[in-house]
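Please walk me through this protein model as one would at the bench, taking the sheets, the nonpolar cores and the aromatic pairs in turn.

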Amino acid sequence: SKEDKAKLDAVGIISITGATVTLGGSLTYNGSTKTKTVSSVVVNGKTLTAGTDYVVSGNTATNAGTYTLVITGIGQYAGAIGRAWEIAKANGSASTSVTSLNMVGAIGMTRTFTVLRSGDGAITVSSSDVSVAQATVSGTTVTVKAVKSGSATITVNVDAETNYKATSKTVAITATVASATLNDNAWATIKAISDAGAGASVWSVGAT
């Protein structure tokens, strides 16, 4: 208030509540404690000195997020100013134990691969062609089921979380699958399965 300012002026104390504050550069999460610097505090055209004219609190944190630091006047200066500051989320990363799967065998055969990701964002999966390959996920393990011969792409999505942005990864699927009833398959399919050495896993000995 004007009355409070008049009292401070009377004893030579200067309020910093109207100061111009400049904060340091942007910060991004990397697992280490970050400190938001105060580049300058200017009152009535004078640049104040940290530790002599003011102290800063609330300017350290580790996780991504928005925080508030407080600049408090000391010595000849009184009052306090709050300023918002941020630690930005880091880019997320994801990798898979395979980059592609060549699935050869019976219709309905399954293969699995694992996902390694930064942070703990939820993992979801989708297939570009569910008539060829279907995918489900449990924890960090993805199970791919071959439905018919063809190609598809499995997309692994990792949601954003506290410290990391969302990211994704793809795995290419090539499926060559056959009916367990030998006579239900085209000759090209039978040849492909046989050439891959997978005939015994699909058909019984003596099947015609």
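The paragraphs below go through a predicted model, beginning with a sheet and ending with an aromatic pair.

A convenient place to begin is an open sheet of 4 strands, whose order is 12-14-17-16 and whose pairing is antiparallel. Its edges are formed by strand 12, residues 94-96, and strand 16, residues 133-138, each of which pairs on one side only. From one strand to the next, the twist averages 25°. Reading across the sheet, strand 12 is joined to strand 14 by 3 bridges, and within this pairing Thr 96 stands opposite Val 115 of strand 14. Strand 14 in turn pairs with strand 17 over 5 bridges, again in the antiparallel sense, and here Thr 114 has Thr 141 in strand 17 as its bridge partner. The step from strand 17 to strand 16 is made by 6 bridges between antiparallel strands, with Gln 134 and Lys 145 of strand 17 as bridge partners.

Strands of this sheet also take part in the largest nonpolar core, which has 21 residues, and in which Met 103, Phe 113, Val 144 and Ile 173 touch the most other members. The elements that give two or more residues to this core are strand 13 (100-106), strand 14 (110-117), strand 15 (123-127), strand 17 (141-146), strand 18 (150-158) and strand 19 (167-178). For a view from inside, one can take Val 144: residues up to four places away in sequence being left out, Val 144 touches Leu 101, Met 103, Met 109, Thr 110, Arg 111, Phe 113, Ala 133, Gln 134, Ile 154 and Ile 173. In soluble globular proteins, nonpolar side chains tend to be buried together.

Apart from the largest core lies another one, of 19 residues, and its members include Leu 48, Ala 64, Trp 85 and Ala 90. Leu 48 is situated in the loop between strand 6 (46-47) and strand 7 (54-57). Is Leu 48 buried or exposed? Leu 48 counts as buried because its relative accessible area is 5%, while the cut-off is under 20%. Once neighbours within four places in sequence are set aside, the contacts of Leu 48 are Ile 16, Val 41, Val 43, Asp 53, Tyr 54 and Tyr 77. Leu 48 and Gly 73 are 25 residues apart in sequence, and their C-alpha atoms are 9.6 Å apart in space.

Strand 6, at one end of the loop that holds Leu 48, belongs to an open sheet of 3 strands with the order 2-5-6 and antiparallel pairing. Strand 6 is an edge strand here, as is strand 2 (20-23), since each pairs on one side only. Strand 5, residues 38-43, pairs with strand 6 in the antiparallel sense over 2 bridges, and Val 42 finds its bridge partner in Thr 47 of strand 6.

The aromatic rings remain to be described. The structure holds 2 aromatic pairs, and one of them is formed by Tyr 29 and Tyr 164, which are edge-to-face, at 5.6 Å centre to centre and with 85° between the planes. This pair links distant parts of the chain, 135 residues apart: Tyr 29 lies in the loop between strand 3 (27-28) and strand 4 (34-35), whereas Tyr 164 lies in the loop between strand 18 and strand 19. Tyr 29 is classed as buried because its relative accessible area, 15%, falls under the 20% cut-off.

Notes: Residues are numbered from 1 along each chain as its sequence is written. This is a predicted model: local features need pLDDT of at least 70, side-chain atom pairs count only at pLDDT 80 or more; totals for chains, interfaces and linings use all residues. Side-chain values use heavy atoms; hydrogens and water are left out. A nonpolar core is a set of buried Ala, Val, Leu, Ile, Met, Phe, Trp, Tyr and Cys residues joined through side-chain atoms within 4.5 Å. Buried means under 20% relative accessible area, exposed over 50%, partly exposed in between (1.4 Å probe, protein chains only). Contact means heavy atoms within 4.5 Å. Rings of Phe, Tyr and Trp (its six-membered ring) pair if their centres lie within 6.5 Å; planes under 30 degrees apart count as stacked, over 60 as edge-to-face and the rest as tilted. Two strands pair if DSSP finds at least two bridges between them. Axes are lines fitted to C-alpha atoms, for helices over the stretch in contact, and angles run from 0 to 180 degrees between N-to-C directions.
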